[in-house]
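Trainee: Could you go through this structure with me and show how each label follows from its cut-off?
Mentor: Gladly, ask away.

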Amino acid sequence: MSSTLLEVRGIVKRFPGVLALDGVNFDLREGEVHTLLGENGAGKTTLMNIIFGLYRADEGEILFKGKRVHIRSPYHALQLGIGMVQQHFTLVPSFTVAENIALGTRDTPSRVAAKIRGISEEYGLEVDPHAKVWQLSVGERQRVEIIKLLYAGARVVILDEPTAVLTPQETEALFKAVRKMTSRGTGVIFISHKLNEVMEISSRVTVLRKGKVIGTLERGEFDQNKLARMMVGREVVMEIEREKARPGELVIKVEDVHARSDKGHIALNGISLEIRAGEILGIAGVAGNGQRELAEVITGLRRVESGKIEFLGKDLTNTSVIDRILAGIAYIPQDRKGIALSPNLSVAENLFLRRKEKKVWFNKREIFGHARRYIEEYKIKTPSPATAVKYLSGGNMQKVVIAREFSLDPRLIIAVHPTRGLDVASMEFVYRSLIKARDKGVAILLLAGELYEIFNLSDRVGVIYEGKIVGYTTPDPTPENIEKIGLMMAGVAV
Amino acid sequence: MEKRLDIPKWAGAVVPIISVVIALLIMGIVIYFYMYSKPSYLKRAVFGAFNEYRSIIYRIPEKSWDRFEKMLKAGRLKSAIAIPKGKLSSNVSSFAISRLEEVFRSTEESYKFVRDTSETVKSFPKEFKELQELYENIGYIIKAYSALNRTINNAKSIMNNECNDCDLKEGMDSFVENLSKVGALGDLISDAKSIDLSDVEGTLKGLEKIKLEFPKEVKKIFLEKMAKSVKTISHRCPISRSSWEDLLTDYKKNVDDAISSGFNPFLFEKASVILDNISVYYCFAPVVRIWNNSLEPLYDLHKKVSTVEQVYSQLSSASRSLQGVLKSLEKGRTFFVKDTVYSTARYVKNSYKRLELDAFTASVFSKRIKSLKSLYQELEDLYKGLGTPSEMKKNVERISSEVKQLSGKIEKEKNALSEDFLKTAEGYSKDAIDSFAKVQNELFQRGSIEADLSKYLGLLMDTYTYKLEEALRSGIGRLKLSMAYSQLKDVSKDLTMFLRNIADYCPSLSDKMKLSLDYETYVFDMEALRIHTSQQIVFDSDKTKMEMEEAFLKEKKITKEKYMEVLGKTLDGHLQRVGAILNDLESELRDLTKKFGQVSKVSWIAVGKAFKQLSTWPFIPSQGLPDTINYMTPLLFTGLGLILVFQMKLWNIGAEGQFYLGVMTALWLSLFVFDKHPSVAEVPVILFVGGLAGAAWAAIAGALKAFLNIDEIVSTLMLNYIAFHWMEYLVYGPWKAPTNFPETNEIPRQFFLPTFGTSRVHIGVIIAMSLTIIVYLLMRKTWWGFDLRAIGDNPNAARYSGIDIAKNVVLAMAVSGFFAGLGGATQILGFEHKLYHGYAPGYGYTGIIIAWLARLDPWATILVSFLFGGFLVGGDQIQLVLKLPKAVVVAIEGVILFSLIASEVLFKYRIRVVRK
């Protein structure tokens with residue numbers, strides 16, 4: 001057995017209100033690919049950031065080659081021989097490849113360029129050292145990042161979801177390079193939630209869930225089903241009283257919709273779905289598989305490239321936001337401060353940010369009157385309606401959003417991660433509000449990362465993967481069902 | 001352990017206050033140094049001049065010492081060892097010092113002027129304020145009278161000097177008496193009334209008479225003198241009478257022509273060529289030279305006559321001013337309305353200034369006349385006796401009478417005897433004339449030196465003093481001062497030349513300048529004088545000459561000891577006088593240095609005055625308040641437009657260009673569209689269309705931002721340049737008025753915005769104020785304003801809320817541009833009335849500051865633009881009162897603004913003292 005390169009023991013990391021890592025043990029041997037698997041928010045990236053010196057652990061220790069180290073900064077980590085390719089690349093776009101790699105070293109770009117050619121050939125990471133970074137594709141940029149680490153002589157290479165941005169061919173090339181690296185004794189930590197990739201490349205797999213290690217399995221011990229189960233876990237379902245849904249007329253019909261993300265990638269790849277009045281469709285999926293784009297396409301914030309959106313029998317494809325507000329589509333976005341609210345405006349003004357009526361005169365007294373009513377009805381804790389909304393707590397901000405969206409008298413509510421960052425009481429309030437709306441005959445599209453939320457609220461569950469609904473299931477928290485959802489989320493066809 | 005001291009939030013307000021205080025402090029220091037540097041520059045100039053003098057004077061003793069050394073080495077002079085240095089007072093030094101004294105006096109006067117003007121106005125109780133102003137006005141009037149008095153005195157002295165037969169004396173005296181009455185009693189109105197204006201008119205008439213009489217008289221004197229000298233020549237000249245008589249007739253004719261043709265310099269030139277011919281052929285070069293020299297004052301005279309004309313016209317205009325003053329005073333007494341008193345005061349102040357200037361011109365004029373007169377006197381003296389120094393007089397007289405007798409003889413015999421006899425007589429006279437010529441040569445050399453010197457020095461010193469005084473008067477402009485300084489340098493150079501001439505050429509002949517040696521002690525006879533003048537050659541050179549000298553002395557029976565004694569005394573005198581000059585100069589300069597000590601104090605007073613002007617002048621209705629309001633109006637327009645877009649974080653830097661569009665449109669409509677039948681009804685149309693032009697201009701940048709995401713900061717800024725150069729093109733090109741300046745015609749009177757009463761304040765400020773209400777309503781009372789705020793705060797949320805960002809960006813930019821354009825149109829109709837090249841008031845840029853300081857609040861915008869307007873007016877006022885250059889004022893304004901804006905950022909934070 002080869003020697004241990006890196007070992008972390010009992011790592012605990014707390015963020016305000018969240019226990020991100022709870023006594024995590026993890027080790028990496030020479031020449032192996034150790035995969036970290038887990039849902040969003042399981043703590044994978046936090047753990048890696050601690051190893052890479054971006055965060056400090058509150059408790060626990062890190063041993064590198066058997067010696068205890070305190071990693072102060074990424075620079076320090078790289079000096080030790082620990083390198084990380086982050087999801088967001090850290091390259092200077094206007095510099096050439098060689099200049100980027102020469103940054104922080106004492107070599108001249110020309111000497112660096114020669115060495116880069118050596119490394120490229122050795123590992124099969126093809127890149128032109130004199131090309132400007134902004135001209136490179138995402139895959140090439142990733143290669144530059146890896147070369148940068150190899151150039152610095154990293155013994156531990158951390159790859160944080162490297163395949164998320166790659167084409168299958170690029171993924172294959174990356175895996176080849178990874179195998180070359182391991183054959184030279186470099187340890188690679190691989191983060192992913194695509195199970196087929198995990199199966200292909202990993203020597204070992206450690207599954208994290210909610211900041212805890214669920215288990216570490218050697219190659220041969222794991223299969224896709226087992227990993228999916230471990231990743232998703234057995235969710236405790238909150239007891240929310242609700243009646244069985246009585247689906248009514250068809251409210252929204254999305255048909256073969258294609259759309260691109262902000263970065264120009266294809267985010268929705270022929271998605272289709274239908275929601276009826278009085279039902280909640282929960283969409284499960286790993287973040288970044290088109291959830292946000294789906295919500296934006298329906299609310300009119302994003303253009304549809306092809307396909308059709310029908311709302312109550314009318315074609316709403318590519319109409320304006322205000323048209324859809326008037327038609328009765330409410331939207332509770334994930335990003336409260338960034339999208340749903342205007343932080344410096346008052347609570348009262350935020351309650352009327354989205355509105356149906358078209359008036360000229362802005363009557364402050366009238367608006368404040370209405371605002372007081374909503375504040376009372378939704379129990380929003382605020383010093384006054386004139387308080388800037390940024391001074392409110394997350395739960396109260398969400399209440400402001402919900403109060404406003406519900407006041408639009410909607411026929412369809414799109415809720416994206418509606419309880420993220422909220423305490424239990426607020427969470428329950430959100431749940432009850434949504435169910436109450438459903439019972440009134442509102443169609444609800446729930447896009448949530450947390451499975452328990454989907455199980456708690458949904459009448460039907462769909463799983464989204466790479467911009468498509470890959471399958472539907474029932475919201476039953478049985479182990480088989482959870483395993484099935486887990487596999488679908490990880491892109492394994494069932 | 002951390003210890004925290006939290007300072008309450010309101011304490012943040014201290015930050016801008018402190019920063020403004022610091023800025024004002026910096027401003028004080030800037031002004032202080034500026035004011036201080038002005039006199040210190042003068043100080044440097046004076047010291048520079050002193051050094052020049054010193055070097056000149058040191059040059060002489062060095063030379064003399066060398067001579068002494070040589071003499072000592074030659075064993076010739078024993079007494080020379082014991083020469084005391086620097087005891088006797090010298091008249092050369094007193095001459096130099098008297099010139100310097102003039103400089104000092106002017107300097108001192110300028111200090112007094114600065115000090116007086118920097119005296120702060122005493123704060124009277126409210127009820128005495130009016131009284132105080134009245135006193136001030138009376139003071140002005142008294143000053144005006146005394147200035148006039150001075151002018152008239154000058155005129156009087158001119159008359160007394162040059163026109164003895166003028167019988168204006170009585171009228172003048174009574175007038176002056178009346179004037180002094182005004183000054184003494186202070187009871188302004190009644191006494192002013194008693195002044196008989198006919199006296200003034202009498203004075204003017206007298207002056208006119210001088211103007212007519214003066215050149216004629218000068219001409220008469222000149223011709224007489226010339227005739228005399230021609231006569232003299234005729235006795236002496238060895239050539240045939242007819243030939244030189246022809247030449248002289250020619251010459252005379254030319255001079256006559258020159259004078260009758262109004263002092264034509266070319267004819268003078270011609271005359272002088274003829275004279276030159278005479279001098280070349282014949283022996284009277286010195287005489288000729290004097291004639292030539294005497295012609296130059298005639299040129300000057302010509303100039304001076306025109307100066308008299310000027311003085312006359314200035315005096316007459318001063319008298320008209322005085323009449324106006326008196327009328328105003330009477331009016332003031334009759335109605336005693338406050339406004340009338342103010343306008344009277346202003347009027348009197350202006351006329352006072354003019355009078356002061358007149359007085360100054362007159363004094364320069366009289367100085368010139370005096371110097372001219374003395375020159376004539378000298379000339380006359382020279383001809384009368386050919387010898388000003390008494391000791392020389394005898395000799396000259398003797399020779400003169402000899403010559404006269406000889407000439408008389410020749411004349412008699414010429415008539416009686418035949419031509420052969422005449423020839424003999426002429427031959428006889430030649431010897432006499434030769435010997436005369438030798439003496440005369442010496443004397444004329446002297447005369448010419450004197451004439452040259454007094455001309456040069458007098459002229460240069462006059463010019464210098466004039467330049468310096470002018471420089472001091474005009475607030476000691478650097479350029480003028482340096483001119484004066486270079487003048488002083490020139491004087492120094494000339495003095496050097498002069499001293500050199502005297503020392504090298506003929507020290508004995510500089511009696512007039514009192515640098516020369518005492519003739520009595522060494523001049524034994526004519527030959528000794530000759531030896532003395534050639535002593536330089538003797539000292540410098542070989543034995544043969546020394547031997548020759550000795551031989552000469554022997555021949556003339558002058559003992560060597562006696563000769564040496566004379567020489568020793570001569571040099572002794574030189575050195576003593578030089579030493580005295582230096583002593584006197586040094587003590588003068590020491591006094592001067594003491595005087596400069598007061599500069600610091602005066603400078604501090606100036607700083608205080610600057611503060612006072614900045615804080616009070618712009619806000620007092622009778623002073624700068626109208627200007628403040630007129631400054632405020634365009635700032636309010638642009639500021640209001642900008643708060644609208646700034647609150648949606650749309651950085652419109654182009655209010656300047658939008659303002660220009662309004663300006664151009666208003667002009668175009670006024671000058672080229674509605675110019676046929678201009679009527680008041682079209683004013684609102686002009687204003688509105690001007691606003692629309694600004695709106696369109698801003699909408700360009702808005703559309704670029706909304707649809708192509710082009711940075712509005714860059715595009716608006718670029719549009720500013722386009723608008724500016726467009727405007728410049730129109731001013732220089734198609735719209736240029738038929739004047740010499742690149743400017744447009746004035747718009748028709750009908751389009752002028754009405755003003756408040758008689759003040760300069762136009763109703764634009766009312767339009768701007770009412771727009772504030774509109775902006776307030778738009779921003780706070782409409783859903784549109786709400787939408788704009790939402791866009792500004794979080795564009796994502798706005799988009800999510802269905803707000804059309806692109807449309808609103810264009811619209812808001814257009815409204816913002818409308819305000820700026822309206823401001824531009826208002827400025828044209830209300831204030832400028834026409835456009836001229838380089839019109840770039842920067843209201844658009846200042847509007848940015850206004851909007852920012854007002855924290856995007858419409859009501860605060862009114863306050864801020866008012867204060868800012870006051871700030872600009874105060875800056876102008878400092879410039880005027882302290883004679884600061886504009887750059888200094890702009891720098892001070894910059895410092896204050898910078899502090900304010902910088903502190904705005906700090907204002908957002910809480911000050912917290914943390915101790916670990």
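Trainee: Why is A:Asn318 called partly exposed?
Mentor: A residue is buried if 20 or more other C-beta atoms lie within 10 Å of its own, exposed if 12 or fewer, and partly exposed in between, with C-beta atoms placed from the backbone. A:Asn318 has 14 C-beta neighbours inside 10 Å, so it counts as partly exposed. Keep in mind that this is a predicted model, where local features need pLDDT of at least 70, side-chain atom pairs count only at pLDDT 80 or more, and totals for chains, interfaces and linings use all residues. Residues are numbered from 1 along each chain as its sequence is written, while chains are lettered from A and ligands numbered from 1 in the order in which they are written.

Trainee: What makes the phi of A:Asn318 worth a remark?
Mentor: Most residues other than glycine have a negative phi. A:Asn318 is not a glycine, yet its phi is positive, about 55 degrees. This residue sits in the loop between β15 (314-315) and α10 of chain A; helices (H or I, at least four residues) and strands (E, at least two) are DSSP runs, numbered from the N terminus.

Trainee: Which class does B:Arg855 get, and why?
Mentor: B:Arg855 is partly exposed, because 14 other C-beta atoms lie within 10 Å. Its phi is positive too, about 50 degrees, and its place is the loop between α28 (843-853) and α29 (858-882) of chain B.

Trainee: How do you know that the length of α27(B) agrees with its residue count?
Mentor: The expected span is 1.5 Å times one less than the number of residues. For the 28 residues of α27 (805-832) of chain B that gives 40 Å, and the end C-alpha atoms are 38 Å apart, which agrees. Of those 28 residues, 22 are buried, so the helix is mostly covered. Just after α27(B), B:His833 has a positive phi of about 65 degrees.

Trainee: What makes β6 and β10 of chain A edge strands?
Mentor: Two strands pair if DSSP finds at least two bridges between them. In the open six-stranded sheet, ordered β6-β7-β8-β3-β9-β10 (chain A) with mixed pairing, β6 (82-85) and β10 (212-218) each pair on one side only.

Trainee: How do you know that β9 and β10 of chain A pair?
Mentor: Six bridges join β9 (residues 204-209) to β10(A), against a cut-off of at least two, so they pair. The two run antiparallel, and A:Val207 stands opposite A:Gly215 in β10(A).
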